[in-house]
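Me: Please take a close look at a single part of this model and describe its setting in one connected account. I should like to follow the pairing, the burial and the charged contacts in turn.

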Amino acid sequence: MVNPHDDPIKLRSSRYEVWRERFVAERDRILDAVAINDIEKDILRIEHVGSTAVPDFPAKDIVDLDIVVADDAVSAIARTLETELGGTRHENTSTWHPIFRSHDGQRYNDHVFAVSGNKWKTSVVTREVLCAHREIRAEYARLKRELATDHDDLAAYSRGKTAFIERVLRVGREDDDLEFDFVVPTVE
């Protein structure tokens with residue numbers, strides 16, 4: 001059983017190339033698992049998100065994936081991934097079931113999201129803004145280090161980033177050089 005609250009809030013220097021390779025391997029495992037059960041048509045996109053998806057950025061050594069699925073497929077996809085790949089699934093809401101996994105020593109957070117939700121969009125916009133804006137990336141890295149020093153509670157660490165993420169989303173809405181195939185949300 002993998003418990004996300006057991007992971008220490010310990011940031012490490014970027015290992016972007018390694019994390020990218022591990023994302024690709026996990027994505028392929030996910031696609032194989034749903035193909036076995038003939039439900040791959042319900043997966044609309046799989047995104048590498050979170051700090052490991054941003055080059056030259058400190059991160060916890062956990063690769064985050066957002067698996068965006070048809071609205072009525074969240075439960076079925078999440079159950080299939082838990083059964084086929086292992087891990088611990090949480091039914092946070094009807095539109096979001098994360099599966100916390102470990103494979104060959106690498107931790108993964110596989111988030112199954114309904115396409116109509118905004119959390120996955122927030123993750124994608126955050127990744128793109130951080131990749132495009134070095135000064136915002138540096139400021140966010142400082143904030144994350146400060147929060148990691150101040151908190152050993154994952155919920156408090158996450159809450160500490162909320163105002164910053166809202167600002168990142170505002171940049172995503174206003175930056176004409178960034179294009180998204182969805183409406184950029186606000187923080188929920």
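Reply: Two strands are taken to pair if DSSP finds at least two bridges between them. The model is a predicted one, and the part chosen here is strand S2, residues 62-69.

On one side of the pairing, S2 and strand S5 (residues 106-114) run parallel and are joined by eight bridges. Within this pairing, valine 68 has phenylalanine 113 of S5 opposite it. S2 also pairs with strand S1 (residues 43-49), here in the antiparallel sense and over six bridges. Isoleucine 43 has valine 69 of S2 as its bridge partner.

Burial comes next, with under 20% relative accessible area as the cut-off for a buried residue. Eight of the eight residues of S2 are buried, so the strand is largely enclosed by the rest of the structure. The side chains divide between two directions: Ile62, Asp64, Asp66 and Val68 point one way, whereas Val63, Leu65, Ile67 and Val69 point the other way. Both groups are buried.

Helix H3 (residues 119-132) belongs to this setting, as S1, S2 and S5 are among the elements that cover its buried residues. Helix H4 (134-150) and helix H6 (162-174) also contribute to that cover. The buried residues of H3 include Trp120, Val124, Val125, Val129 and Leu130, and also Lys121 and Arg127. H3 has 14 residues and spans 20 Å from its first C-alpha to its last, close to the 20 Å expected.

The charged contacts remain. Side chains of opposite charge can pair when their charged atoms come close. The count of salt bridges comes to 15. One of them joins arginine 12 and aspartate 61, at 3.5 Å from N to O. This pair links distant parts of the chain, 49 residues apart: arginine 12 lies in the segment before helix H1 (16-36), and aspartate 61 in the loop between S1 and S2. Arginine 12 counts as partly exposed because its relative accessibility is 36%, and aspartate 61 is likewise partly exposed, at 25%.

Another salt bridge joins arginine 167 and glutamate 139, at 2.8 Å from N to O. Here helix H6, which holds arginine 167, is linked to helix H4, which holds glutamate 139, across 28 residues of the chain. Arginine 167 is partly exposed at 28%, as is glutamate 139 at 29%. In addition, salt bridges with shared partners join Arg45, Glu47, Arg127, Glu128 and Asp181 into one network.

Definitions and conventions. Residues are numbered from 1 along each chain as its sequence is written. This is a predicted model: local features need pLDDT of at least 70, side-chain atom pairs count only at pLDDT 80 or more; totals for chains, interfaces and linings use all residues. Side-chain values use heavy atoms; hydrogens and water are left out. Buried means under 20% relative accessible area, exposed over 50%, partly exposed in between (1.4 Å probe, protein chains only). Helices (H or I, at least four residues) and strands (E, at least two) are DSSP runs, numbered from the N terminus. The expected span of a helix is 1.5 Å times one less than its number of residues. Contact means heavy atoms within 4.5 Å. A salt bridge is a side-chain nitrogen of Lys or Arg within 4 Å of a carboxyl oxygen of Asp or Glu.
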